[in-house]
Amino acid sequence: MPYFVAADLPATSAGLRFRALLERPEILQMPGTHNGMAALQALNAGFDALYLSGAGMSASMGLPDLGIITVDEVCFFVRQVARASGLPVLVDGDTGYGEALNVMHMVRAFEEASAGAVHIEDQILPKKCGHLNNKKLADPNDMAAKVHAAARARRDLFIIARTDAAATEGIDGAVARARKYVEAGADAIFPEALNNAEMFRAFAKAMPDVKLLANMTEFGRTPFFTASEFEAMGYRMMIWPVSALRVANKAQER
């Protein structure tokens with residue numbers, strides 16, 4: 001079990017290290033790590049970056065995934081996962097915890113806690129898990145303003161804009177939103193809850209020059225795909241948000 005001392009600490013920021021991982025030809029695979037122990041296990045399993053899921057953090061606190069945890073509570077998780085593993089961490093930023101100024105505060109707080117990347121979604125509060133029904137979407141211009149605020153506030157943090165629009169506005173609507181978010185300063189796009197391979201391919205084909213993130217959560221709208229299958233469909237990053245948490249909780253229950 002590693003315990004990092006001064007000589008072991010990374011010389012560059014988590015944001016720069018996250019960006020460097022995306023320069024490699026292969027897809028970047030990030031398991032969900034809901035605490036420091038899970039982060040150590042992911043490190044020992046050979047992963048190069050980690051993911052902190054809003055659902056995972058909320059569930060760890062005995063709360064539903066409705067965007068009710070705070071920036072400071074998330075920073076507690078970011079610090080322990082980053083400290084335990086030494087790896088760059090992608091953090092679920094939900095809707096940004098408010099409007100543009102709140103998003104700027106979130107970005108600064110996450111970077112100070114050693115996050116490497118964050119994703120922000122285009123829902124309005126009360127938000128829902130991306131794979132549930134009847135999600136309410138923000139106006140795309142309002143979401144673009146949040147992305148722009150995040151880009152202005154960050155130092156090196158990698159910013160991913162998530163769109164939940166495919167379920168209600170179709171692929172064309174989701175792509176139109178995603179293009180607006182890239183123009184506002186997003187480094188990558190996360191199209192949430194696509195439900196078949198054709199949708200994943202169509203989204204990637206419509207945005208050939210943009211880095212894309214795929215979400216492989218169990219029991220959701222997306223059928224099971226492997227990392228290599230997502231890579232072949234045009235995706236540069238993938239997450240398994242709560243797989244480890246589910247396994248750990250089932251073992252604990254038993």
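Me: In this predicted model, which residue forms a salt bridge with E218?
Reply: E218 lies in the loop between β7 (211-215) and α9 (227-232), and its partner sits in helix α10, so the pair ties together parts that are 28 residues apart in sequence. E218 is partly exposed, with a relative accessible area of 28%, and the partner is likewise classed as partly exposed, at 34%. The closest N and O atoms are 2.6 Å apart, and the residue that completes this salt bridge is R246.

Me: Which residues are joined into one network by salt bridges that share partners?
Reply: A salt bridge here requires a side-chain nitrogen of Lys or Arg within 4 Å of a carboxyl oxygen of Asp or Glu, and by this rule the count comes to 11. Where such bridges share partners they join into one network, whose members are E121, R162, D164 and E192.

Me: How many residues apart are R24 and D48, whose pair links distant parts of the chain?
Reply: The side chains of R24 and D48 meet in a salt bridge, with N to O at 2.9 Å. R24 is in the loop between α1 (14-21) and β1 (28-31), whereas D48 is in the loop between α2 (36-44) and β2. Both count as partly exposed, R24 at 26% relative accessibility and D48 at 32%. Along the chain, the separation of the two residues is 24 residues.

Me: Is R177, which meets E169 in a salt bridge, buried or exposed?
Reply: The side chains of R177 and E169 come together at 3.0 Å, N to O. E169 is partly exposed, with a relative accessible area of 38%. For R177 the relative accessible area is 6%, and since buried means under 20%, R177 is classed as buried.

Me: Which helices and strands each supply at least two residues of the lining of the largest cavity?
Reply: The structure holds one cavity of 30 Å³ or more, and about 50 Å³ of space lies in the largest cavity. Its lining includes Y51, L52, G56, M57, A244 and L245, and the lining residues divide into seven nonpolar, five polar and no charged. The elements that each contribute at least two of the lining residues are β2 (50-52), α3 (54-60) and α10 (243-253).

Me: What is the relative accessibility of A193?
Reply: A193 lies in the loop between β6 (188-191) and α8 (197-206), and its phi is near 60°, a positive value in a residue other than glycine. A193 counts as buried, because its relative accessibility is 6%.

Me: Where does S114 lie?
Reply: S114 is not a glycine, although it has a positive phi of about 90°. With a relative accessible area of 36%, S114 is partly exposed. Its position is the loop between α5 (100-112) and β4 (117-121).

Me: What is the radius of gyration of the protein chain?
Reply: The protein chain has 10 helices and eight strands. For 254 residues the globule rule gives 18 Å, and the computed value is close to this, so the chain is as compact as a globular protein of that length; its radius of gyration is 17 Å.

Me: What percentage of contacts between residues at least 6 apart in sequence join residues at least 24 apart?
Reply: The C-alpha atoms of the protein chain fill a box of roughly 50 × 40 × 40 Å, taken along the principal axes, and buried residues make up 53% of the 254 residues. Among contacts in the protein chain between residues at least 6 apart in sequence, the share that joins residues at least 24 apart is 72%.

Methods. Residues are numbered from 1 along each chain as its sequence is written. This is a predicted model: local features need pLDDT of at least 70, side-chain atom pairs count only at pLDDT 80 or more; totals for chains, interfaces and linings use all residues. Side-chain values use heavy atoms; hydrogens and water are left out. On a 1 Å grid over the protein atoms alone, a cavity is a set of points where a 1.4 Å probe fits but cannot get out, and a pocket is an open set with protein on both sides within 12 Å along at least five of seven lines; lining residues have an atom within 4 Å of a point. Grid points are joined across faces, edges and corners, and a volume is the space filled by probe spheres set on the points. Helices (H or I, at least four residues) and strands (E, at least two) are DSSP runs, numbered from the N terminus. Ala, Val, Leu, Ile, Met, Phe, Trp, Tyr, Cys and Pro count as nonpolar, Asp, Glu, Lys and Arg as charged, and the others, Gly among them, as polar. Buried means under 20% relative accessible area, exposed over 50%, partly exposed in between (1.4 Å probe, protein chains only). The radius of gyration is taken over C-alpha atoms; the globule rule is 2.2 Å times the number of residues to the power 0.38. Contact means heavy atoms within 4.5 Å.
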